[in-house]
Amino acid sequence: MIMSRVAGLLGLLSGAFAYKALSDDGLRNIADPGDDFDIKSGALLAPILQPRVPGTPGSTAVLNHFVDFFQKELPDWELTFQNSSSRTPISGNDETPFVNLIATRDPPWAGQGHVGRLALVAHYDSKIDPPGFIGAIDSAAPCAMLMYAARSLDAALTRKWSAMEAEGVSELEEASGIQIILLDGEEAFKVWTHDDSIYGARSLAEEWDQTMHPAASTYRTPLDAIDLFVLLDLLGSANPTVPSFFRTTHWAYLNMANTEARLRSLKQLHTSPAHPFLRETNKKESDRWLGGAIEDDHLPFQARGVDILHMIPAPFPTVWHTMADDGEHLDIPTVKDWAKIVTAFSAEWMELDEYLLPPKKRSLLPEPDRTEL
Ligand SMILES: *[C@@H]1O[C@H](CO)[C@@H](O)[C@H](O)[C@H]1NC(C)=O
Ligand SMILES: [Zn+2]
């Protein structure tokens with residue numbers, strides 16, 4: 001943690017971080033989502049577009065969708081549930097259950113406590129009110145984007161880590177993993193307060209802060225092992241503007257913005273270049289930083305010293321917390337572009353450039369000796 005914060009600070013001061021940007025080919029090799037995000041039939045998104053209030057059958061159905069996806073398509077990702085329960089302002093004496101799902105992929109040789117991770121985070125619960133609320137931008141679409149990112153990077157992670165193992169690595173060597181965190185209970189049941197909101201995030205941050213890794217680990221706890229907490233929320237409406245919220249992670253914002261700009265210049269995005277999503281690339285120390293103004297799932301992590309990159313538009317999209325936040329009101333080109341930007345950023349973070357293969361070749365992978373027609 002100390003190292004990553006020092007690196008972050010240096011990055012902010014010098015405008016450069018010690019990792020290499022993806023090559024143009026690497027960026028082109030980020031697969032296009034195709035119809036994954038179709039709101040009726042899209043394999044990733046459609047099953048999430050239903051009410052999923054904590055403790056209801058819709059919530060279980062969506063959780064099962066995530067679990068099935070990882071078990072069938074990404075069996076190398078380790079799935080963990082982190083469960084809790086809490087009274088809410090509407091539950092009376094009953095406790096409402098909250099289930100967070102964490103999918104983790106670490107280098108196969110890495111010893112417990114020696115892996116720092118990029119955490120990609122969104123909440124999957126939906127608001128109880130108005131009845132029937134879908135929450136497409138809030139946060140069905142962000143969850144689907146994270147599934148897409150995990151699937152797009154999976155084979156490259158395998159190739160990279162196999163190559164490293166072939167060269168010989170020790171279990172103490174510094175290693176980087178990646179983690180998708182799907183949080184429950186973000187929404188308030190009545191009115192947003194510190195007690196009525198982010199139920200899942202509060203429980204997870206507390207548990208991970210108290211779970212000690214073995215002695216002499218590089219990272220004390222699973223919470224310490226989060227190198228960067230990238231929180232996606234309210235993404236999927238057209239023409240978003242996402243500010244850089246935190247001085248301390250502006251270096252990461254700049255990398256994300258640079259990825260967006262380069263994908264655009266390579267004509268890899270679907271939305272108009274006239275409206276980039278990440279525009280605060282010339283922000284100065286003395287400018288106004290909104291970090292802290294928006295309360296969200298990052299709060300209990302931030303309070304414990306985790307570095308946060310908050311990908312949420314300001315102002316909020318107009319459909320926010322209304323019945324209009326449904327599948328039909330999503331702007332699918334925007335959804336696809338976010339998915340590609342976040343995936344490319346993550347590929348860069350994980351240093352996967354030369355391990356990303358062109359989409360065509362990738363589909364031939366299971367049968368390597370078949371020739372292309
Ligand atoms: C947590 O909840 C999930 C989903 O309901 C369940 O499958 C799992 O067994 C629970 N885990 C624990 C440790 O209770
Ligand atoms: Zn919300």
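Let me start with a definition: a residue is called buried when its relative accessible area is under 20%, exposed when it is over 50%, and partly exposed in between, using a 1.4 Å probe and the protein chains only. By that definition Lys267 is exposed, because its relative accessible area is 72%.

Before going on, I should say that this is a predicted model, in which local features need pLDDT of at least 70 and side-chain atom pairs count only at pLDDT 80 or more, while totals for chains, interfaces and linings use all residues; side-chain values use heavy atoms, with hydrogens and water left out. Residues are numbered from 1 along each chain as its sequence is written, and chains are lettered from A and ligands numbered from 1 in the order in which they are written.

Staying with Lys267 for a moment, this residue sits in the loop between helix 6 (250-265) and helix 7 (299-302), where helices are DSSP runs of H or I with at least four residues, strands are DSSP runs of E with at least two, and both are numbered from the N terminus. The phi angle of Lys267 is near 60 degrees, which is a positive value in a residue other than glycine. Ile198 also has a positive phi, of about 35 degrees, although it is not a glycine. Ile198 belongs to the loop between strand 4 (175-183) and helix 5 (199-210), and it is buried, with a relative accessible area of 5%.

Let me turn to the metal. Which residues are the protein donors of the zinc ion, ligand 2? They are Asp138 and Glu187, each listed with two oxygen entries (OD and OE respectively), together with His321 through NE2, and they lie 2.0 to 2.8 Å from the ion. Donors here are N, O and S atoms within 2.8 Å of the metal (3.2 Å for Na, K and Ca), and since water is not among the atoms, sites may look incomplete. Along the chain, the donors follow the spacing D-x48-E-x133-H. Distant parts of the chain are linked in this way, with Asp138 in helix 4 and His321 in the loop between strand 6 (308-311) and helix 8 (332-349), 183 residues apart. Asp138 is buried, at a relative accessible area of 2%, whereas His321 is partly exposed, at 22%.

Asp138 has a further feature, in that a cis peptide bond joins it to Ser139, with omega at about -5 degrees; Ser139 lies in helix 4. Another cis peptide bond runs from Ala314 to Pro315, with omega near 0 degrees, and Pro315 is placed in the loop between strand 6 and helix 8.

Next, ligand 1. The residues around it are Phe81, Asn83 and Val99, taking a residue as near when one of its heavy atoms lies within 4 Å. An oxygen atom of ligand 1 is 2.5 Å from an N or O atom in the side chain of Asn83. The protein covers 35% of the 360 Å² of accessible area that ligand 1 has on its own, with areas taken from the Shrake-Rupley method with a 1.4 Å probe.

Now the interior. The largest nonpolar core, meaning a set of buried Ala, Val, Leu, Ile, Met, Phe, Trp, Tyr and Cys residues joined through side-chain atoms within 4.5 Å, has 102 residues, of which Val230, Phe301, Met311 and Phe345 touch the most other members. Helix 4 (residues 136-167) gives the most to this core, with 16 residues. Phe345, leaving aside its neighbours within four places in sequence, is in contact with residues including Tyr19, Leu118, Val230, Met256 and Leu309, where contact means heavy atoms within 4.5 Å.

Finally, three buried residues deserve a look. Leu183, in strand 4, is buried with a relative accessible area of 0%, and among the residues it touches, not counting those up to four places away in sequence, are Asn100, His123, Leu204 and Asp297. His298, in the loop between helix 6 and helix 7, is also buried at 0%, and its contacts beyond four places in sequence are Phe229, Leu231, Phe246, Ile308 and His310. Ile294, found in the loop between helix 6 and helix 7, is buried at 14%. Ile294 touches Phe245, His310, Ile312 and Phe316, not counting residues up to four places away in sequence, and its C-alpha atom is separated by 9.4 Å from that of His310, 16 residues apart along the chain.

Technical notes: A polar contact is a pair of N or O atoms within 3.5 Å; within protein, one must be able to donate a hydrogen and the other to accept it, and residues adjacent in sequence count only if both atoms are side-chain atoms.
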